[in-house]
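Dear colleague,

I am handing over the structure we spoke about, together with some notes on what was found in it. Please look through it with the notes beside you.

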Amino acid sequence: MSKNILIVDDEEDVRAIAKLGLEMAAGWNVVTASSGKEALNQAVKYQPDAILLDMMMPDMDGRTTLQQLKANPITEAIPVILVTAKVQNSDQENFSELQVAAVFAKPFRPLQLPEQISEALGWG
C-alpha cells in the first residue's frame, strides 16, 4: 500500500534526496516543506501517514513545529520521526520527552528510509 510522507527540512538537497529515496525504493507519495510553518499547512492539507521532521531549522525549529502539530486535533495523531545531525546520548534524553515515533540520524541512506520508517512505525 502506498504511503503519503511529508518531509520537512530547510535544506533543499536533503528534501530532494529523501524524496527520491522514498519514491524510488517504495513508490510512496512525498510532499515536502522547507519550514515549520509550511509543514503545519502541508500536514493539515495532505494528512500524511508520517512526517520526517528536521530538528534544526531557522524561524521555527523542529521542536516548536512538533509541539504545534501535536496541539492541533487535525494533525496530532500523525506519527513524527525526527531527523537530526545531533544524536549524542545527551540529545537522546532531550528527545525522549517529545512525542515522536523515532529519531533518525543525518546523514541517512535514502534507499533505506522506507524500511527504517516502516520498522519504526510498525508498518508491515
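**Two helices and two residues**

In this predicted model, helix α1 (residues 12-26) packs with helix α5 (residues 113-121) at an angle of about 85 degrees, and their axes lie 8 Å apart. Because angles of 65 to 115 degrees count as roughly perpendicular, α1 and α5 are described as roughly perpendicular to each other. On the α1 side the contact is made by Ala-18, Gly-21, Leu-22, Ala-25 and Ala-26, while α5 contributes Leu-113, Pro-114 and Ile-117. Taken by character, the residues of this contact between α1 and α5 comprise seven nonpolar and one polar, with no charged residue among them.

Ala-16 is also found in helix α1, and, with a relative accessibility of 45%, Ala-16 counts as partly exposed, since that class lies between the 20% limit for buried and the 50% limit for exposed. Measuring from C-alpha to C-alpha in the model, Ala-16 and Leu-121 are 22 Å apart in space, with their positions 105 residues apart in sequence.

Val-83, for its part, has its place in strand β4 (residues 80-84), and its relative accessible area of 6% is under 20%, so Val-83 is buried. Leaving aside residues up to four places away in sequence, Val-83 touches Leu-52, Leu-53, Asp-54 and Met-55, and also Phe-104, Lys-106 and Phe-108. Val-83 and Ile-7 are 76 residues apart in sequence, and their C-alpha atoms are 9.7 Å apart in space.

With best wishes

Key. Residues numbered from 1 in each chain as written. Predicted model: local features only at pLDDT ≥ 70, side-chain atom pairs only at ≥ 80, totals over all residues. Heavy atoms only, no water. Axes fitted to C-alpha atoms, helices over the stretch in contact; angles between N-to-C directions. Helix = DSSP H or I, 4+ residues; strand = E, 2+ residues; numbered from the N terminus. Parallel < 35°, antiparallel > 145°, perpendicular 65-115°, else oblique. Contact = heavy atoms within 4.5 Å. Nonpolar A, V, L, I, M, F, W, Y, C, P; charged D, E, K, R; others polar. Buried < 20%, exposed > 50% of the residue type's maximum accessible area, 1.4 Å probe, protein only.
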